[in-house]
There are 4 protein chains.
Amino acid sequence: MHEDLTTTPSPRLRDSERTQRAILAAALDEFAESGLGGARVDRIGERAGVAKRLVFYYFGSKENLFREVLNEAYRNIREAERRLHLSDLAPADAVRKLIEFTWSYYLEHPEFLTLLNSENLHRAKHISSSTGLQDLNSPLVQTLADVLERGRKDGVFRGGVDPVQLYISIAGLAYFYLSNNATLSVAFGRNLRTPKALHERLSHTTEVILGYLIR
Amino acid sequence: MHEDLTTTPSPRLRDSERTQRAILAAALDEFAESGLGGARVDRIGERAGVAKRLVFYYFGSKENLFREVLNEAYRNIREAERRLHLSDLAPADAVRKLIEFTWSYYLEHPEFLTLLNSENLHRAKHISSSTGLQDLNSPLVQTLADVLERGRKDGVFRGGVDPVQLYISIAGLAYFYLSNNATLSVAFGRNLRTPKALHERLSHTTEVILGYLIR
Amino acid sequence: MHEDLTTTPSPRLRDSERTQRAILAAALDEFAESGLGGARVDRIGERAGVAKRLVFYYFGSKENLFREVLNEAYRNIREAERRLHLSDLAPADAVRKLIEFTWSYYLEHPEFLTLLNSENLHRAKHISSSTGLQDLNSPLVQTLADVLERGRKDGVFRGGVDPVQLYISIAGLAYFYLSNNATLSVAFGRNLRTPKALHERLSHTTEVILGYLIR
Amino acid sequence: MHEDLTTTPSPRLRDSERTQRAILAAALDEFAESGLGGARVDRIGERAGVAKRLVFYYFGSKENLFREVLNEAYRNIREAERRLHLSDLAPADAVRKLIEFTWSYYLEHPEFLTLLNSENLHRAKHISSSTGLQDLNSPLVQTLADVLERGRKDGVFRGGVDPVQLYISIAGLAYFYLSNNATLSVAFGRNLRTPKALHERLSHTTEVILGYLIR
DNA sequence: TATGAATGAGAATTCATTCAT
DNA sequence: TATGAATGAATTCTCATTCAT
């Protein structure tokens with residue numbers, strides 16, 4: 001729908017934009033697959049179907065490209081979180097929805113996890129300077145705080161829960177399982193990526209969080 | 001035992017062993033700091049105080065060196081886990097101890113986290129082939145299973161808890177917070193590495209897990 | 001005359017001329033600052049406030065642009081020399097005036113020195129083919145020859161002085177000091193660019209040349 | 001003579017040294033021919049008969065190699081100047097010898113001129129930090145000061161001559177003619193590099209300087 | 001007249017790895 | 001056992017220049 005702007009804009013602009021997007025998309029794949037250090041600009045060019053030279057033309061350097069990719073990834077998940085509308089739901093349902101959303105998002109966006117791992121290896125140097133990431137995040141924390149408070153008032157949830165800690169816990173329970181799936185599968189001698197295993201993990205996560213919250 | 005200095009063997013041999021250990025230690029630092037891809041063999045040599053050439057002499061390739069380092073890291077944590085003796089404790093205490101141990105170990109061994117991240121980026125190709133990692137891990141799972149069962153029988157813990165899931169949850173709650181500390185600190189606009197923040201996280205983690213387990 | 005704004009021609013054409021001049025001026029700066037090899041066409045475009053593409057549109061290639069810039073620089077100094085009117089002066093005054101002119105010109109046009117250095121690095125390949133440079137230069141040599149002859153006849157100057165050698169000496173005494181000012185300042189541990197130092201150099205130069213010429 | 005150290009040292013060391021010298025020599029040629037910016041590391045490798053990689057192995061970067069080459073060039077001329085022993089000569093002979101030496105040195109070491117031009121284009125950034133260049137130069141200035149003073153006392157030379165200015169003048173008269181020979185030849189429509197022209201220039205230079213100095 | 005898009009051919013520099021001793 | 005010397009194959013990035021409009 002938002003792809004159809006009826007009045008086709010100047011094809012010049014379009015091409016440039018399309019190329020840049022193709023590069024960003026290719027870079028996302030490449031960084032996701034190989035991390036920042038392991039990514040190859042050649043391969044990004046190939047994947048995008050453009051000359052390697054264009055990557056530098058539009059993004060200046062590999063590192064800067066990483067920055068853009070990372071920030072877009074953040075923007076995307078924040079945008080998705082914003083569409084959750086947790087405030088409209090009963091507290092327990094809101095938390096359940098957040099858990100399911102987080103789980104699904106990480107499952108469907110494995111690039112996001114790799115990107116974050118790379119960024120943490122580099123001590124968040126590409127984000128910290130970036131435009132208002134905090135602002136992008138806080139809304140959810142505030143929403144979660146409200147949900148927790150509502151739950152507490154209703155007598156459903158325990159009190160004294162820090163929404164930031166809770167958010168990190170929900171994320172961590174999903175993130176670690178998915179991001180470290182390969183080593184965990186080996187360590188426990190089980191394939192932890194089968195549909196069944198994934199389903200069990202989500203159930204477990206939900207039980208842990210709600211089991212903790214609900215009094 | 002193999003530290004016994006009484007029967008001093010040929011100094012040559014001892015030097016050889018010492019050199020290899022220096023290389024392993026240096027490699028651990030380097031891989032921890034930069035990941036597998038970002039690590040530089042030159043720097044490993046420098047850090048170990050030996051010629052870069054020796055790294056190849058003893059370990060053949062950077063990748064193989066990584067394999068050795070990774071496996072040693074695994075052996076170390078498994079060894080530490082083995083010293084926990086959870087079976088001697090009351091169920092809740094055993095779980096609490098496991099949580100605290102996991103947290104402390106990750107906190108004091110950040111290399112381990114980076115190593116695992118690298119290994120997962122490479123889809124566990126360096127462990128999977130390695131010597132009996134499963135065997136090294138299962139004991140703890142079995143112990144945890146026993147603890148859970150004891151707790152359930154005592155009426156303290158809920159039933160139906162998969163020890164593997166629980167173990168992963170305990171690890172994940174600590175791992176994600178520590179491994180992604182840099183981006184989380186930026187995202188939430190809080191320094192999550194202060195002593196106070198670290199203490200709060202451990203408390204929260206314990207509450208979540210025990211709040212979930214205890215009926 | 002070609003600055004006359006009354007008969008405003010088609011604005012298109014005027015813009016074209018203005019653009020070309022802007023490019024030439026920008027190129028002069030850039031070549032002066034970085035030499036032929038170090039100059040960047042992008043930067044010339046930027047400096048001129050036009051698209052880099054225009055540089056090629058109007059001048060074909062970087063090298064050709066250099067040729068134009070260089071020739072304009074030569075035309076400018078020749079034009080300035082022509083305005084000296086040495087023939088109207090007493091011989092010693094004429095020589096003094098030439099020395100002062102040369103000094104001031106080099107001091108105020110450091111680009112000219114850099115341009116010449118570049119051109120000499122390239123063995124004068126951009127000038128030699130160019131339109132009648134010799135013709136542009138000879139007038140001054142002829143004038144200087146006359147001055148010398150007048151001085152000799154008056155018994156003021158020594159005889160047997162080759163005007164070309166003298167011209168090169170006057171230029172060299174100024175050129176070397178200014179062009180190599182940076183290394184000389186380091187070598188002698190003195191800042192040779194202070195107003196005082198510059199003034200002293202001009203005095204010295206004048207004394208050397210006149211001390212030599214005057215019998 | 002100083003090549004024959006009788007007890008052949010370890011061939012390993014020798015090779016390394018020889019290689020480094022080969023690279024320095026090749027670099028000198030390349031920088032002389034093309035300036036710092038125009039020089040190509042590939043070509044330096046080729047000229048030295050070694051892999052381009054070795055250039056970086058031994059010198060780190062092109063710029064650093066330039067620094068070494070430049071400093072060696074300075075050391076060489078300072079060393080040659082030191083062998084002049086001007087103090088042993090009559091004042092006028094000492095000055096004449098300095099002029100002839102400077103002229104010959106520049107004539108036989110055109111690389112030195114190109115190197116200096118490059119260095120001045122870069123505002124002496126590669127020397128300024130270098131080891132005691134001032135110290136290397138001052139001896140000559142002091143010697144020249146003594147010569148001038150002796151000449152003045154003898155009533156041969158005029159007084160009040162700054163040795164630094166004089167040194168720069170002697171250098172400048174030779175340097176400009178040789179360094180700018182290409183453009184000057186075109187400008188004056190004469191080949192200024194023929195043996196005859198060179199000889200005339202040296203005579204002229206000597207006459208200018210001595211004509212100025214001798215009262 | 002003017003330009004943004006695009007590029008091929010290099011440029012310096014890096015890196016794991018082998019050679020010779 | 002130990003190592004300094006040497007390198008080929010990338011890898012990021014640069015630059016003058018052309019294409020299409």
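In which sense, left-handed or right-handed, does H5(B) pass H10(B)? The crossing is right-handed, a label used when the near helix is turned clockwise from the far one by less than a right angle, with anticlockwise giving left-handed. The model is a predicted one, with pLDDT of at least 70 needed for local features and 80 or more for side-chain atom pairs, while totals for chains, interfaces and linings use all residues. Residues are numbered from 1 along each chain as its sequence is written, and chains are lettered from A and ligands numbered from 1 in the order in which they are written.

Back to that helix pair in chain B. Helix H5 (residues 91-108) and H10(B) pack at about 145 degrees, and their axes lie 10 Å apart. Helices here are DSSP runs of H or I with at least four residues (strands are E runs of at least two), numbered from the N terminus. Axes are lines fitted to C-alpha atoms, for helices over the stretch in contact, and angles run from 0 to 180 degrees between N-to-C directions. On the H5(B) side the contact includes Val95(B), Ile99(B) and Trp103(B), and on the H10(B) side it includes Leu202(B), Ile209(B) and Leu213(B). Contact means that the C-beta atoms of two residues, placed from the backbone, lie within 7 Å. By class, the H5(B)–H10(B) contact has 10 nonpolar, two polar and two charged residues. Ala, Val, Leu, Ile, Met, Phe, Trp, Tyr, Cys and Pro count as nonpolar, Asp, Glu, Lys and Arg as charged, and the others, Gly among them, as polar.

Another helix pair sits in chain C. There, helix H4 (residues 62-82) packs against helix H6 (residues 110-121) at an angle of about 130 degrees, with 10 Å between the axes. That makes H4(C) oblique to H6(C), where angles under 35 degrees count as roughly parallel, over 145 as roughly antiparallel, 65 to 115 as roughly perpendicular and the rest as oblique. H4(C) passes H6(C) in a left-handed crossing. Val69(C), Leu70(C), Ala73(C) and Ile77(C) of H4(C) meet Glu111(C), Phe112(C), Leu115(C) and Glu119(C) of H6(C). These contact residues divide into six nonpolar, no polar and two charged.

Now for how the chains pair up. Chain A can be laid on chain B with an RMSD of 0.1 Å, by a turn of 180 degrees and a shift of 0.0 Å along the axis. The two copies are thus related as by a two-fold rotation axis. Superposition was by least squares on the C-alpha atoms of residues with pLDDT of at least 70 in both copies. In chain A, the C-alpha of Tyr212(A) is the nearest to the axis, at 2.2 Å. The copies meet through the same surface, since 100% of the interface residues of chain A are also interface residues in chain B.

That contact takes 42 residues from chain A and 43 from chain B. On the chain A side, the elements giving two or more residues include H1, H6, H7 and H10, but H8(A) gives the most, with 11 residues. The chain A side divides into 19 nonpolar, 18 polar and five charged residues. Within this pair of chains, the axes of H10(A) and H10(B) come within 7 Å and cross at roughly 90 degrees, which makes H10(A) roughly perpendicular to H10(B). Glu207, Val208, Gly211 and Tyr212 of both chains, A and B, make that helix contact, which by class has four nonpolar, two polar and two charged residues.

Chains D and C can be treated likewise. Chain D can be laid on chain C with an RMSD of 0.1 Å by a turn of 180 degrees and a shift of 0.0 Å along the axis. Tyr212(D) comes closest to the rotation axis among the residues of chain D, at 2.2 Å (C-alpha), and 100% of the contact residues of chain D recur in chain C. The contact takes 42 residues from chain D and 43 from chain C, with H8(D) giving the most on the chain D side, 11 residues.

The DNA comes last. A residue is near a strand if its C-beta atom, placed from the backbone, lies within 6 Å of it. DNA strand E has 35 residues around it, of which Ser16(A), Ala51(A), Arg53(A), Ala51(C) and Ser61(D) come nearest. The elements giving two or more residues to this surface include H1 and H3 of chain A and H2 and H3 of chain B. The surface near strand E divides into 13 nonpolar, six polar and 16 charged residues. DNA strand F is surrounded by 36 residues, the closest being Lys62(A), Ser61(C), Ser16(D), Ala51(D) and Arg53(D), and its surface divides into 13 nonpolar, six polar and 17 charged.
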